[in-house]
Amino acid sequence: MNVADAIHARYSCRTYQNRDVPDEVLNRIFELVRLAPSARNRQEWRFVVIRNPEARAKLVSIACDQPFVGQAPVVIACCAETDEHVMRCGQLSYTIDVAIAIDHFTLAAVEEGLGTCWIGAFHEDRVKDLLGVPQGVRVVQLLTVGYPADTPGPKNRHALQDIIRYEHW
């Protein structure tokens, strides 16, 4: 599989098989995540892998009652151990850097036959309490991971001419 194939195949999976994801598969993916670029090579990303069924069940309500969060055999709390560095462009680096790392994860997961879904609807304080995430560490996203039990439909995306401007807006 090449990168283009992985990009085409990736989708937001919300239905998972009742099948464990082997440690060696997650480790192969995290080896690729580790290579993601970050501002000033700060590598602020940190990940909490949640497999425990009771913890995943608690995450359902914390993630605004999305049942598939508990159904996925793995949920990853994608965090940043950060000093809230602001890049010269005015953006916080950790949010962008964690997003790049998650994108590496989702594409590598496709190659392993896994589905993923980014979760931004959650209560950070409750995730931190559940997982014992220390003060000063931010939970940026949750990511569900598992073997898909569904087939993706067609992607609805804007046409190129709607998203690209050349030389000026």
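Helix axes here are lines fitted to C-alpha atoms over the stretch in contact, and angles run from 0 to 180 degrees between N-to-C directions. Keep that handy for the first exercise; the model you're working with is a predicted one.

**Exercise 1. Work out how helices α2 and α5 cross, and what sits between them.**

Step 1: get the geometry. The axes of α2 (residues 23–33) and α5 come within 8 Å and cross at roughly 140 degrees.

Step 2: classify the angle. Over 145 degrees would count as roughly antiparallel, and 65 to 115 as roughly perpendicular. The crossing of roughly 140 degrees fits neither label, so α2 is oblique to α5. As for handedness, the crossing is right-handed.

Step 3: list who touches whom. From α2 come Leu26, Ile29, Phe30, Leu32 and Val33, and they meet Ala101, His104, Phe105, Ala108 and Ala109 of α5.

Step 4: sort that contact by residue type. You get nine nonpolar residues, one polar and no charged.

**Exercise 2. Lay out the sheet and find its edges.**

Step 1: write down the order. Four strands form an open sheet, β1-β2-β4-β3, with antiparallel pairing.

Step 2: spot the ends. β1 (45–50) and β3 (115–119) each have a single partner strand, so one side of each has no neighbour in the sheet. From one strand to the next, the twist averages 25 degrees.

Step 3: check the pairs around β4. Strand β2 (residues 74–81) pairs with β4 (residues 137–146) over eight antiparallel bridges, and five bridges join β3 to β4, also antiparallel.

Step 4: put residues on those ladders. On the β2–β4 side, Ile76 has Leu143 as its bridge partner, while Val74 stands opposite Val145. Leu143 in β4 is also the bridge partner of Trp118.

Step 5: add the helix. α5 (residues 93–111) packs on the sheet and touches β1, β2, β3 and β4, with its direction at about 10 degrees to that of β4.

Step 6: ask how enclosed β4 is. Nine of its 10 residues are buried, so the rest of the structure largely encloses β4.

**Exercise 3. Decide whether Thr106 is buried or exposed, and find its contacts.**

Step 1: place Thr106. This residue is in helix α5.

Step 2: apply the cut-off. Buried means under 20% relative accessible area; Thr106 has 0%, so Thr106 is buried.

Step 3: collect the contacts. Skipping neighbours within four places in sequence, Thr106 is in contact with Arg10, Thr116, Trp118 and Leu143.

Step 4: tie this back to the sheet. Two of those contacts, Trp118 and Leu143, are the bridge partners from Exercise 2.

Key:
Residues are numbered from 1 along each chain as its sequence is written. This is a predicted model: local features need pLDDT of at least 70, side-chain atom pairs count only at pLDDT 80 or more; totals for chains, interfaces and linings use all residues. Side-chain values use heavy atoms; hydrogens and water are left out. Two strands pair if DSSP finds at least two bridges between them. Helices (H or I, at least four residues) and strands (E, at least two) are DSSP runs, numbered from the N terminus. Contact means heavy atoms within 4.5 Å. Angles under 35 degrees count as roughly parallel, over 145 as roughly antiparallel, 65 to 115 as roughly perpendicular and the rest as oblique. A crossing is left-handed if the near helix is turned anticlockwise from the far one by less than a right angle, and right-handed if clockwise. Ala, Val, Leu, Ile, Met, Phe, Trp, Tyr, Cys and Pro count as nonpolar, Asp, Glu, Lys and Arg as charged, and the others, Gly among them, as polar. Buried means under 20% relative accessible area, exposed over 50%, partly exposed in between (1.4 Å probe, protein chains only).
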